[in-house]
Amino acid sequence: MATAARLLLLLFLTAAASAWEMNIRLPTEMLNGGEAVVAPIIHALRPLLGSGGQLAARAGVACDSWRLGVEAHNVIGWKTVPARCEGYVGHYMLGGHYRRDSAVVIDEAIAYAESLQLSGNGKEIWVFDIDETSLSNLPYYAKHGFGATLYNDTSFREYVAEGSAPALPETRRLYRRLLQLGVKPVFLTGRTEDQRNITVTNLRRQGYSGWMELLLKPAVHAAGELQGSAVAYKSGERQKLEDAGFTILGNIGDQWSDILGTPEGARTFKLPDPMYYIG
């Protein structure tokens, strides 16, 4: 009897493991000229085992919980994605879930904007973050463990200098709708003044135009980090906008530090980002 029970347990574990090891491939894309480009293979980490203790944690359920803690701003101050969650985060970012979550946020933002009775005085603005909000750095992070490796300022700045970051289509949809409504977009980013020209070029390449202002940090680096917190910097810049007579109708970013600190704006929207934390 004991032998039979052990055999059944072994069969269950084998079947469960095979479910986790399944690979999926994203659809191929066609370049101009008909050349097929195959998207990267990613792991289908699905919580099929429920709350099964350590077995479930190895399967990725703990990574689901970790990501929820990050998005709810309960897990803070972290430097890297947990090593065991690299595959899970990669699947989330590339497998469609990230885009669906982003679409929910943007749909709410557009519904809110369309419900407003605008004055049309030219002083109504919407604040946009850039990285992982207006532009996506997934091509960079896909090569650097989806945040599971420690941030390297030098290599990331080299990537930014290429000006090749794609737009997050959902955010661009909000941006264009706001322009139609007469709301002026303002970019407020942690990028620095020495990156202004390439950032403008990148934004225009990706279909962004007509913004009122692009606000960047001073080009001062110390050991790869900028002085002061992101919350203090961004809230300070928003205060300057209000002091100049502008009304911040909305504020959107991927980090809590994009939307915390007074004045936040009449309403804030948080896009998902489990790849890095900025405080």
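**Entry 1: cavities**

I started with empty space inside this predicted model, and the count came to two cavities of 30 Å³ or more. The largest cavity has a volume of about 60 Å³, and the second largest comes to about 30 Å³.

Which residues line the largest cavity? I noted Val70, His73, Val75, Trp78, Asp254, Gln255, Trp256, Lys270, Asp273, Tyr276 and Tyr277. Sorted by type, this lining gives six nonpolar, two polar and three charged residues.

Then I went to the second largest cavity. Its lining is made of Val127, Phe128, Asp129, Leu188, Lys234, Arg238, Asn251, Ile252 and Asp258. S5, helix H10 (230-243) and S8 are the elements that give two or more residues each to that lining. By type I have four nonpolar, one polar and four charged residues here.

**Entry 2: the sheet**

S5 and S8 had come up at the second largest cavity, and I looked up where they sit. Both belong to an open sheet of five strands, paired in parallel, with the order S7-S6-S5-S8-S9. Strand S7 (213-217) and strand S9 (268-270) are the edges, each pairing on one side only. On average, neighbouring strands are turned by 20° against each other, direction ignored.

How many bridges join strand S5 to strand S8? I found five, between residues 124-128 and residues 247-253, with the two strands running parallel. One bridge pairs phenylalanine 128 with isoleucine 252 in S8. I had already written down Phe128 and Ile252 in the lining of the second largest cavity.

**Entry 3: helices on the sheet**

Next I checked what lies across these strands. Helix H5 (residues 97-115) lies across S5, S8 and S9, and its direction is at about 165° to S9. Helix H8 (residues 169-181) lies across S5, strand S6 (184-192) and S8, running at about 170° to S5.

**Entry 4: aromatic rings**

Last, I went through the rings and got 19 aromatic pairs in the structure. I picked out tryptophan 78 with tyrosine 277: the ring centres are 6.3 Å apart and the planes are at 45°, so I logged the pair as tilted. Where do the two residues lie? Tryptophan 78 is in the loop between helix H3 (61-71) and helix H4 (86-94), while tyrosine 277 is in the segment after S9, so the pair ties together parts that are 199 residues apart in sequence. Going back to my cavity notes, I see Trp78 and Tyr277 in the lining of the largest cavity.

Methods:
Residues numbered from 1 in each chain as written. Predicted model: local features only at pLDDT ≥ 70, side-chain atom pairs only at ≥ 80, totals over all residues. Heavy atoms only, no water. Pairing = 2+ DSSP bridges. Helix = DSSP H or I, 4+ residues; strand = E, 2+ residues; numbered from the N terminus. Axes fitted to C-alpha atoms, helices over the stretch in contact; angles between N-to-C directions. Contact = heavy atoms within 4.5 Å. 1 Å grid on protein atoms, 1.4 Å probe; cavity = no way out; pocket = protein on both sides within 12 Å on 5 of 7 lines; lining within 4 Å. Points joined across faces, edges and corners; volume = space filled by probe spheres on them. Nonpolar A, V, L, I, M, F, W, Y, C, P; charged D, E, K, R; others polar. Phe/Tyr/Trp six-rings, centres within 6.5 Å; stacked < 30°, edge-to-face > 60°.
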